[in-house]
Amino acid sequence: MKNILLVDDDKDLSQSLANLFDPEKFRFDFLEDGLEVGEYVREHEDVDLVMLDVNLPSLSGLDVLRQIKQIKSDLPVIIISGFVSTENAIEAMREGAFEYLTKPFEIQKLIDMVNKACGYSAKPRVVEGPVDLVEHEVGEIIGQSAEIVEIAKLIGQVAKSDAAVLIFGESGTGKELVARAIHRNSNRRNNAFLSVNCAALPETLLESELFGHEKGAFTGAYFKRIGKFEQAHQGTLFLDEIGDMSMLTQSKLLRVLQEKQFERVGGNETISTDVRIIAATNKSLVQCMKDGSFRVDLFYRLKVVSIYIPPLRERKSDVALLVDHFIKRFAKQLQVSPKKVSKQAMQVLNKYTWPGNVRELENNLHTAMVMSKSDTLQPEDFPIYSEGSSKLDLDLDVLKDDYTETFMKIIDPIMPKLIASSPGQIFQFLESAFERAVISSCLKHFDGNQVKTSETLGISRNTLRDRIARYDLY
Ligand SMILES: Nc1ncnc2c1ncn2[C@@H]1O[C@H](COP(=O)(O)OP(=O)(O)OP(=O)(O)O)[C@@H](O)[C@H]1O
Ligand SMILES: [Mg+2]
């Protein structure tokens, strides 16, 4: 028999959750507030699992989690949240939650998770959830796709350790954002987070940037310089575009990682440093190792933990949330009120493949917010639309598609009836039916806007007005 404590201010929900479980295997206790949880855990040594709602009346679920962990660090805790928040997911995992789950969840997932936490079985879990718009913090990772939630959980799990992390993903996917989130959630958060772009500097300058140099170390070295490895002492150093680092610099970096020691360029003094390394690349390091341009030993040192950020086109469910986020951010920045996005514009944004990922989306919203004069953004307000490039795979497919077959499926069954009832008028009859359907559909699409409908269909406004009257389409 396993004892579970369920903490949720919704009594009915708690009871129905408990009813999902086999009473021969699980016994439930309930609390509606976080305040009593500490005492409960102290008094009940036999409790096997705590399930905690994030939103509790007096204490937040995350505070309760911290309390529980102080009293009994190995007691598994499942955090249940009403909405997806990557910050909550990161924090929950960082504070040692067994799992982070968002409502509404699949019942089977919860059951598997509880079984696993209680040592009954070992099925892994997946997190899913709907959107609920909340105010976001600066630097927060926005997203609700399963991929993003998994990344948030991983950040929470690795943040507290000093393990080197390798982040990879296409340009603009948010690699630096993730690196900063790791630092912000680590014990080093009050010390420096420094970033070096390894692709931007030639070899000697990069080395001096990283390790510093002594006066006179090379032509132009008029002063002694302290490098990033010294400046970031007890902090985090973010090495961006690590795939572009030269082999020589790589070997020096490897030594710092192994021995936590280095010398300034042109110097003899050995300097010790305590720096956490997070590296990022949009190149395939595996390919670089095959080409011989990246050291295999360094690769394994850097990727103690690796985080892959999938391109935006593979997690389209994040687009709407990001759009909303950037609109609010730019509205604040530009001191205007947030704009809405028309249905068509949203379709365009959803269809686009975003080769430049979140950064490209961000830039498009910036331009649209600056340029648009109306309070609703339209497709033409976005650079991706006006550039009209081939990347924009709009509904041009419609033109290529052959709809004859589709229409025949409708006409074939009614043809015998038409022949019987209206010989000599069938063509005219079908033509008006078709015309009426097309105009109705387009009007509906543009919320009854006649200018847009006539322009889009390619008929004059007079013709449109005439047809609306004829077919009674008001
Ligand atoms: N999930 C996200 N939520 C909110 N903002 C995001 C997200 N992902 C990326 N961004 C924003 O998109 C821009 C690009 O992100 P970032 O610089 O972290 O990407 P990157 O992977 O380092 O790109 P590059 O390879 O071009 O350096 C930044 O302004 C960042 O704040
Ligand atoms: Mg970057």
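The following conversation concerns a predicted model of a protein chain with a bound ligand.

Biologist: Which domains does the assignment give for the protein chain?
Modeller: The domain assignment gives domain 1 (2-156), domain 2 (160-310), domain 3 (313-396) and domain 4 (402-471).

Biologist: How many residues of domain 2 are in contact with domain 3?
Modeller: Six residues of domain 2 are in contact with seven residues of domain 3. On the domain 2 side, one of these is nonpolar, four are polar and one is charged. The centres of domain 2 and domain 3, taken over C-alpha atoms, are 34 Å apart.

Biologist: Turning to the ligand, which residues are closest to ligand 1?
Modeller: The closest are Ile142, Gly174, Lys175, Glu176 and Val358, out of 15 residues that surround ligand 1. Two elements, α7 (175-184) and α15 (357-371), each give two or more residues to that shell.

Biologist: How do the residues of that shell divide into nonpolar, polar and charged?
Modeller: Four are nonpolar, seven are polar and four are charged.

Biologist: What about the interior: which residues have the most contacts inside the largest nonpolar core?
Modeller: They are Val7, Ile78, Ile79, Ile155, Ile167 and Val178, in a core of 76 residues. Helix α6 (residues 146-159) gives the most to this core, with eight residues. Domain 1 (2-156) and domain 2 (160-310) each supply at least three residues to this core.

Biologist: And what does Ile78 touch?
Modeller: Leaving aside residues up to four places away in sequence, Ile78 touches Leu49, Met51, Ala97, Phe98, Glu99, Leu101, Met113 and Ala117. There is also a second, separate core of 20 residues, which includes Val341, Ala368, Met369 and Ile384.

Biologist: Now helix α14: which of its residues are buried?
Modeller: In α14 (residues 343-351), the buried residues are Ala345, Val348 and Leu349. They line one face of the helix, because they fall within an arc of 95 degrees when seen down its axis. In general, residues three or four places apart in an α-helix point the same way, because there are 3.6 residues a turn.

Biologist: What covers the buried residues of α14, and what does the face turned away carry?
Modeller: The cover includes α13 (319-334), β15 (340-341), β16 (376-377) and α16 (383-386). The face turned away from the buried side carries the exposed residues Lys343 and Asn350.

Biologist: Where is Met346, and why is Met346 classed as partly exposed?
Modeller: Met346 is in helix α14. Met346 counts as partly exposed because 16 other C-beta atoms lie within 10 Å, whereas a buried residue needs 20 or more and an exposed one has 12 or fewer. Met346 and Gln378 are 32 residues apart in sequence, and their C-alpha atoms are 8.4 Å apart in space.

Notes:
Residues numbered from 1 in each chain as written. Chains lettered and ligands numbered in written order. Predicted model: local features only at pLDDT ≥ 70, side-chain atom pairs only at ≥ 80, totals over all residues. Near = placed C-beta within 6 Å. Helix = DSSP H or I, 4+ residues; strand = E, 2+ residues; numbered from the N terminus. Nonpolar A, V, L, I, M, F, W, Y, C, P; charged D, E, K, R; others polar. Arc of directions from axis to C-beta. Contact = placed C-beta atoms within 7 Å. Domains from an automatic or database assignment. Core = buried A, V, L, I, M, F, W, Y, C linked by C-beta atoms within 7 Å.
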